[in-house]
Amino acid sequence: MTDSRNADARRILLHTPVIDFLLRREPGRLDARAAIASFELPAELERLALGVARRTRLHRIERVAVAEDLAEHLREGLDDGRSPEALLEDFGDEAGAARLIRRSMIRKRSHLARTPRYVVKGTALLGGSVVAVCLVAWVVLGSRVWFDSPTITVDHIQQLNNRNIGIPAEDRAWPGLSTVPAELDRLAFTEGGDRATLLPKVTEAVRETSSWPVESNLVQRAELTAFYGHATPIVERVRELAGRPALGIELEAADDRSLFSVQLVHLPLVRGDLQSLLLGDLMLAVRQDQPDRALHDLRALLGLARLTRAHSFLLCQLVALQVEAVTFKATQDILIHRPEFFGNEQLVELSRMLTAQEVCQSADLGDERRGFEDIAQRVYGSNGQLLPEAFTFVRETGYAQVPEGIDNFAIAPFALAVAPSRSEALEIWDGYLAHQEARMATPDYWEAPVLPLETERRYAEVIHTDYSKQGSNSTFERYQKYASAFPLNEFLPAIGNFPGHVHEVGLERDATLVVIALEQWRRKNGRWPERLEQLVPKYLEVVPADQFDGRNLRYLARSEGPLLYSVGRDGLDENGNPEKDLVLWDAAPARE
């Protein structure tokens with residue numbers, strides 16, 4: 001008895017909360033083994049009670065209570081004279097007993113005590129539901145794009161080339177124009193004179209603000225004169241081709257017949273060798289006092305601009321405008337520095353040529369629409385849903401800003417689901433181009449139609465947002481923002497300033513007509529007119545309007561020479577200040 005009491009005393013002393021904490025073991029009141037030991041059961045029954053208590057997976061204090069109940073039950077069985085073997089056999093399945101005891105104990109808990117369990121179950125259920133919904137959505141969305149494929153129904157390149165059907169070969173400028181570089185190279189080989197060196201110098205001289213037709217050092221160089229002496233047949237051939245009714249070029253593309261892969265090979269030729277060849281000849285014509293030759297060159301330059309607009313792609317329009325702007329500037333410079341160069345009949349012919357040059361043909365962007373329609377049929381499926389191939393197609397363009405990872409197998413279905421459908425994308429594209437065409441076609445720049453603020457903001461987000469930079473946005477936000485505008489954000493052209501450029505070139509054309517009329521008036525009356533209205537109707541049908549405010553072009557009859565100007569895009573008249581207004585023609589250099 002004394003030994004038993006000593007053992008109990010030692011157990012109590014060794015299982016105080018402090019000792020349990022220091023030894024990193026269960027506190028005394030949570031010691032199930034100690035609770036069972038107090039009933040002095042045989043070893044096999046102790047193992048049974050302890051094992052069942054542990055299998056219940058209850059809280060520790062609950063397991064101690066279970067252990068005590070089991071030990072007490074077994075102790076009563078022994079006291080009734082039953083053997084340990086009989087008690088073990090009658091007890092049955094330990095795991096089943098543990099499950100029943102667990103359910104009973106959990107029911108006894110208070111609602112507050114069961115709250116964490118409810119939270120865990122609810123969280124697990126909610127998480128599982130979210131995962132299940134996402135998985136179902138992923139499968140549904142993925143099935144819409146993985147098992148679909150683009151259907152190319154329209155050969156847009158063939159449709160563009162069909163425009164040439166019925167145009168006789170003698171009315172086509174192409175492929176005649178394409179042979180000019182080779183002819184110039186053969187000329188350099190047989191007669192000397194390197195067009196690869198001389199023609200870029202012509203372009204550089206044209207860009208100078210000085211009086212290039214007369215004073216340029218390039219014009220005075222013997223090598224240029226010798227080059228054009230041998231190149232006269234080629235120049236005449238270019239003039240003849242530029243005067244033909246149609247360009248007649250057959251567009252070619254890669255094997256996939258994608259309109260996006262079409263190389264507009266005539267554009268660098270027009271802006272490069274052809275334009276420079278004619279401008280160089282024009283410079284020599286002025287230097288050598290050959291007005292008919294100069295008139296032919298100016299007519300050919302305008303013809304090149306007209307032919308370039310055979311296709312209404314944005315790049316074609318830009319090149320045509322550039323050629324026209326250079327031609328108008330050259331005409332004005334000639335009239336400033338060599339006012340007597342052209343005869344009266346030649347001035348009339350020059351005025352007729354410029355009047356016939358419809359700069360505002362640039363308002364047509366029909367082929368730019370066709371380009372996106374061709375892209376759409378290659379990246380959208382039969383159900384109008386964007387396909388994963390779209391990311392590959394865009395990356396192959398070489399300048400895409402596709403966020404890394406958005407085309408991942410797990411993410412792509414969700415990204416493509418928020419992208420505009422085919423009909424939505426085409427509607428946005430057509431609406432944007434139609435708005436820009438309306439701005440270009442409106443005679444008064446400030447009377448051009450204005451988009452609703454929300455629509456304008458939408459276009460700005462599509463065009464100007466840089467999706468390649470992370471910034472402060474999360475990956476999800478960047479994916480969502482990019483996908484919601486894809487593929488428009490990769491192809492919609494930023495042409496907000498293009499209508500203003502069209503109006504400016506149109507003003508240059510109108511200003512050149514006014515300058516010709518001013519020179520005709522000066523020759524007739526021996527002085528400059530006081531007002532532009534004096535030129536009407538003999539030299540001008542009407543005074544051209546300033547496209548930036550709708551009023552007449554501004555004219556200052558100064559003693560040093562008249563000044564013709566526009567108020568410019570800000571619409572404010574600064575009395576011809578070259579830093580604030582758009583100066584179209586300043587006759588003062590003629591007196592220098």
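# Salt bridges, unusual bonds and confidence in a predicted model

Reader: I'm new to this one, so which side chains does Arg309 or Glu324 meet in a salt bridge?

Author: The side chains of Arg309 and Glu324 meet each other in a salt bridge, at 2.8 Å from N to O, and I should say at once that this is a predicted model. The pair links distant parts of the chain, with Arg309 in the loop between helix 15 and helix 16 (314-337) and Glu324 in helix 16, 15 residues apart.

Reader: Are those two buried or exposed?

Author: Arg309 counts as buried, because its relative accessibility is 10%, and Glu324 counts as buried as well, at 0% relative accessibility. The cut-off that matters here is that buried means under 20% relative accessible area.

Reader: How many salt bridges are there by this rule?

Author: The count comes to 29 salt bridges.

Reader: And where does Arg378 sit, with its partner Asp374?

Author: Arg378 and Asp374 both lie in helix 18 (residues 366-379), 4 residues apart, which is about one turn of the helix. Their salt bridge has its closest N and O atoms 3.1 Å apart. Arg378 is buried, with a relative accessible area of 10%, and Asp374 is buried too, with a relative accessible area of 0%.

Reader: What about Asp546, which residue does its side chain meet in a salt bridge?

Author: That partner is Arg554, and the N to O distance is 3.8 Å. Asp546 counts as buried at 0% relative accessibility, while Arg554 is buried with a relative accessible area of 8%. Elsewhere, salt bridges that share partners join Arg239, Asp281, Arg293 and Asp297 into one network.

Reader: Changing topic, which residues form the negative surface patch?

Author: The negative surface patch is formed by Glu68, Asp69, Glu72, Glu76 and Asp80. Of these, Glu72 has its place in helix 5 (residues 60-79), and Glu72 is partly exposed because its relative accessible area is 39%.

Reader: How confident is the predictor, and where is confidence lowest?

Author: The protein averages a pLDDT of 81, and 82% of the residues score at least 70. Confidence is lowest in helix 1 (residues 2-14), at a mean of 49, and it is highest in helix 15 (residues 291-308), at 95. Where pLDDT is low, the predicted coordinates should not be read in detail.

Reader: Staying with helix 15 for a moment, how far apart are Ala300 and Arg244?

Author: Ala300, which is found in helix 15, is 56 residues from Arg244 in sequence, and the two are 9.9 Å apart in space, C-alpha to C-alpha. Ala300 counts as buried, because it has 3% relative accessibility.

Reader: And Glu368, how far is that from Pro493?

Author: Glu368 and Pro493 are 125 residues apart in sequence and 9.4 Å apart in space, again from C-alpha to C-alpha. The place of Glu368 is in helix 18, and at 16% relative accessibility Glu368 counts as buried.

Reader: Next topic, what kind of peptide bond joins Trp174 and Pro175?

Author: A cis peptide bond joins Trp174 and Pro175, with omega at about 15 degrees. Pro175 lies in the loop between helix 9 (156-161) and helix 10 (180-191). The peptide bond from Phe486 to Pro487 is also cis, with omega near 5 degrees, and Pro487 is found in the loop between helix 23 (475-483) and helix 24 (488-491).

Reader: Why mention those at all?

Author: They are mentioned because most peptide bonds are trans, and in a similar way most residues other than glycine have a negative phi.

Reader: So what is phi for Asp289, and where is that residue?

Author: Asp289 has a positive phi of about 60 degrees although it is not a glycine. Asp289 lies in the loop between helix 14 (266-287) and helix 15, and at 46% relative accessibility Asp289 counts as partly exposed.

Reader: And Asn575, what is its phi, and is the residue buried or exposed?

Author: Phi of Asn575 is near 60 degrees, a positive value in a residue other than glycine. Asn575 is found in the loop between strand 2 (563-566) and strand 3 (582-586). Asn575 counts as exposed, because its relative accessibility is 54% and exposed means over 50% relative accessible area.

Notes: Residues are numbered from 1 along each chain as its sequence is written. This is a predicted model: local features need pLDDT of at least 70, side-chain atom pairs count only at pLDDT 80 or more; totals for chains, interfaces and linings use all residues. Side-chain values use heavy atoms; hydrogens and water are left out. Patches are made of residues with over 30% relative accessible area and no salt bridge: like charges are joined within 9 Å, nonpolar side chains (Val, Leu, Ile, Met, Phe, Trp, Tyr) within 5 Å. Accessible areas come from the Shrake-Rupley method with a 1.4 Å probe; for residues, only the protein chains shown count as cover. A salt bridge is a side-chain nitrogen of Lys or Arg within 4 Å of a carboxyl oxygen of Asp or Glu. Lys and Arg count as positive and Asp and Glu as negative; His and the chain ends are not counted. The place of a charge is taken as NZ of Lys, CZ of Arg, CG of Asp or CD of Glu. Helices (H or I, at least four residues) and strands (E, at least two) are DSSP runs, numbered from the N terminus. Buried means under 20% relative accessible area, exposed over 50%, partly exposed in between (1.4 Å probe, protein chains only). pLDDT is the predictor's confidence in each residue, from 0 to 100.
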